[in-house]
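Visitor: I am new to this structure. Please walk me through it, and tell me how each label is earned.

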Amino acid sequence: MKIKIIFTIFVVCFLSSCAYKPLYKKTNLYHPHKVKIVIKSKEKYENYASTMKLLLDEKLNSKSSKDSHLKLVVSIERIVSNMGINKDLSSDALMLVIEARYIFLDKKGELASGSLRNTGSFNYTHNNYANIVSMEDTSKKLVKSLSTDLADLILALSAKRKISP
């Protein structure tokens with residue numbers, strides 16, 4: 001009888017004290033402070049600027065964040081060019097390049113700045129609708145990748161001075 005009680009206590013203690021701890025936590029470095037995000041683009045009616053702002057806001061800010069002077073300004077430029085893969089330099093594929101220049105500011109001034117660049121390609125056909133869909137799909141994927149990379153850079157920032165929100 002004593003063996004069963006000791007075995008039961010041992011099993012309960014062993015199962016309740018599991019050594020599993022997650023490696024990564026979904027925390028925000030600037031959690032108590034809200035980061036204002038400004039996206040600039042030359043094209044007026046492009047959807048990728050609002051998509052990037054939404055993705056960055058989702059990753060950098062939380063609902064319980066307080067207002068602050070932290071600001072992230074991103075300038076997006078999109079370049080479409082022929083790939084020139086045939087001998088006569090004609091092409092049936094297009095290359096899409098999206099470049100994002102960013103600057104991260106606080107109350108005192110600049111904390112970090114730089115640029116990120118991502119490229120993608122898609123086939124160019126005689127069907128205009130298919131070309132538009134391919135370009136939008138490629139743009140969406142590139143913007144998603146760029147916004148994830150940019151948010152990770154901002155969260156992993158090691159500033160030389162103390163951040164003053």
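Visitor: Which residues of helix 2 and helix 3 meet?

Guide: This is a predicted model. On the helix 2 side they are Tyr48, Thr51, Met52, Leu55, Leu56, Lys59 and Leu60. Helix 3 answers with Val143, Lys144, Leu146, Ser147, Thr148, Leu150, Ala151, Asp152, Ile154 and Leu155. Contact means heavy atoms within 4.5 Å, so these residues are said to meet.

Visitor: What makes up the contact of helix 2 with helix 3, by class?

Guide: There are 11 nonpolar, three polar and three charged residues. Lysine and aspartate count as charged. Lys59, Lys144 and Asp152 are in the contact.

Visitor: How is the packing of helix 2 and helix 3 described?

Guide: Two packed helices are described by an angle and a distance, both taken from their axes. Here the angle is about 35 degrees. The axes of helix 2 (residues 48-60) and helix 3 (residues 128-155) are 9 Å apart.

Visitor: Is the crossing of helix 2 and helix 3 left-handed or right-handed?

Guide: The crossing is right-handed. That word applies if the near helix is turned clockwise from the far one.

Visitor: What makes Glu99 count as buried?

Guide: Its relative accessible area is 13%. Buried means under 20%, so Glu99 is buried. Glu99 is found in strand 3. Glu99 touches Ser75, Ile76, Glu77, Ser115, Leu116 and Arg117, not counting residues up to four places away in sequence.

Visitor: Which residues have the most contacts inside the largest nonpolar core?

Guide: They are Ile39, Met52, Leu56, Leu72, Val74, Phe104 and Leu150. The core has 30 residues. Strand 1, helix 2, strand 2, strand 3, strand 4 and helix 3 each supply at least two of its residues. Helix 3 gives the most, with seven.

Visitor: Which residues is Ile39 in contact with, beyond its neighbours within four places in sequence?

Guide: Ala49, Met52, Lys53, Leu56, Val74 and Ile76.

Visitor: Why are strand 1 and strand 4 called edge strands?

Guide: Each pairs on one side only. The four strands form an open sheet in the order 1-2-3-4. Neighbouring strands are turned by 20 degrees against each other on average, direction ignored.

Visitor: How do you know that strand 1 and strand 2 pair?

Guide: Pairing needs at least two bridges. Strand 1 and strand 2 have six, so they pair, in the parallel sense. Lys36 has Lys71 in strand 2 as its bridge partner.

Visitor: What packs on the sheet at strand 1 and strand 2?

Guide: Helix 2 does, and its direction makes about 160 degrees with that of strand 1. Helix 3 also packs on the sheet, touching strand 2, strand 3 and strand 4. The direction of helix 3 makes about 155 degrees with that of strand 4.

Visitor: What makes the pairing of the sheet mixed?

Guide: Strand 1 and strand 2 are parallel. Strand 2 and strand 3 run antiparallel, joined by 12 bridges. Strand 3 and strand 4 are also antiparallel, over 13 bridges. The pairing is mixed. In strand 4, Ser113 is the bridge partner of Ile103.

Visitor: Which residue takes a positive phi in the hairpin of strand 3 and strand 4?

Guide: Gly109 does, near 150 degrees. This hairpin has four residues between the strands.

Methods:
Residues numbered from 1 in each chain as written. Predicted model: local features only at pLDDT ≥ 70, side-chain atom pairs only at ≥ 80, totals over all residues. Heavy atoms only, no water. Axes fitted to C-alpha atoms, helices over the stretch in contact; angles between N-to-C directions. Core = buried A, V, L, I, M, F, W, Y, C linked by side-chain atoms within 4.5 Å. Buried < 20%, exposed > 50% of the residue type's maximum accessible area, 1.4 Å probe, protein only.
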